[in-house]
Amino acid sequence: MNTKDNQRTKITKRLFRESLIKLLEKTSLSEITVSQLCSEAELNRSTFYKYYGNIRDIYEEIEQS
């Protein structure tokens, strides 16, 4: 079961990263809201806050990879 949870976590984080990149093509990081990001990723705000504290956390994760 742990493997399934890890796979789900990876997919969820990937969706957030890809959605942030897509939004960054249109607007600056400081103008993107959590609501916009969640809408783009088609995920709930509660899911966002389960993995991240703010949008900058995702941005830094992208920079490190």
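A salt bridge here is a side-chain nitrogen of Lys or Arg within 4 Å of a carboxyl oxygen of Asp or Glu. Keep that cut-off at hand for the opening stops of this tour, and bear in mind throughout that the model on your screen is predicted.

**Stop 1: the charged pairs**

Select R17 and E61 and display their side chains, which meet in a salt bridge with an N to O distance of 2.8 Å. R17 belongs to helix α1 and E61 to helix α4, so this pair ties together parts of the chain that are 44 residues apart in sequence. If you colour by accessibility, R17 counts as partly exposed at 24% relative accessibility, and E61 is likewise partly exposed, with a relative accessible area of 22%.

Next, select K22 and E40, whose side chains form a salt bridge at 3.3 Å, N to O. Because K22 lies in helix α1 and E40 in helix α2, the pair joins parts that are 18 residues apart in sequence. K22 is partly exposed at 43% relative accessibility, and E40 is partly exposed with a relative accessible area of 27%.

Then select R14 and E18, where the side chains meet in a salt bridge of 3.5 Å, again taken from N to O. In this case both residues lie in helix α1, four residues apart, which is about one turn of the helix. R14 has a relative accessible area of 37% and is partly exposed, while E18, at 42%, is partly exposed too. With this pair you have visited the salt bridges of the model, for which the count comes to three.

**Stop 2: two buried hydroxyl residues of helix α1**

Stay on helix α1, which runs over residues 2-24, and select S19 within it. Is S19 buried or exposed? With a relative accessible area of 7%, S19 falls under the 20% limit and is therefore buried. Its side chain reaches the backbone oxygen of L15 at 2.8 Å, so it is worth showing the backbone atoms of L15 alongside the side chain of S19. Now extend the selection to the contacts of S19 beyond its neighbours within four places in sequence, and you will find L37, E40 and A41. E40 is a residue you have already met, as the salt-bridge partner of K22.

Move along the helix to T12, which is also found in α1. T12 is buried, with a relative accessible area of 9%. Which residues does T12 touch, once those up to four places away in sequence are not counted? They are L43, T47 and Y51.

**Stop 3: the nonpolar core**

Select F16, L20, L37, F48, I55 and I58, which, of the 13 residues in the largest nonpolar core, touch the most other members. Helix α1, helix α2 (34-41) and helix α4 (55-64) each supply at least two residues of this core, and α2 gives the most to it, with four residues.

From this group, centre the view on F48, which is buried with a relative accessible area of 0%. Leaving aside neighbours within four places in sequence, F48 is in contact with F16, V34, L37, C38, G53, N54, I55 and I58. L37 thus deserves a label of its own, because it appears both among the contacts of F48 and among those of the buried residue S19.

**Stop 4: the aromatic rings**

Finally, show the rings, among which the structure holds four aromatic pairs. Begin with F16 and Y52: their ring centres are 6.1 Å apart and their planes stand at 90 degrees, so the pair is edge-to-face. This pair links distant parts of the chain, since F16 is in helix α1 and Y52 in the loop between α3 (45-51) and α4, 36 residues apart. Both F16 and Y52 are buried, the latter at 4% relative accessibility.

Keep Y52 selected and add F48, whose ring centre lies 5.8 Å from that of Y52, with the planes at 35 degrees, so this pair is tilted. To close the tour, add Y49 to the selection, and the view will hold the cluster of F16, F48, Y49 and Y52 that is linked by ring pairs.

Definitions and conventions:
Residues are numbered from 1 along each chain as its sequence is written. This is a predicted model: local features need pLDDT of at least 70, side-chain atom pairs count only at pLDDT 80 or more; totals for chains, interfaces and linings use all residues. Side-chain values use heavy atoms; hydrogens and water are left out. Buried means under 20% relative accessible area, exposed over 50%, partly exposed in between (1.4 Å probe, protein chains only). A polar contact is a pair of N or O atoms within 3.5 Å; within protein, one must be able to donate a hydrogen and the other to accept it, and residues adjacent in sequence count only if both atoms are side-chain atoms. Contact means heavy atoms within 4.5 Å. A nonpolar core is a set of buried Ala, Val, Leu, Ile, Met, Phe, Trp, Tyr and Cys residues joined through side-chain atoms within 4.5 Å. Rings of Phe, Tyr and Trp (its six-membered ring) pair if their centres lie within 6.5 Å; planes under 30 degrees apart count as stacked, over 60 as edge-to-face and the rest as tilted.
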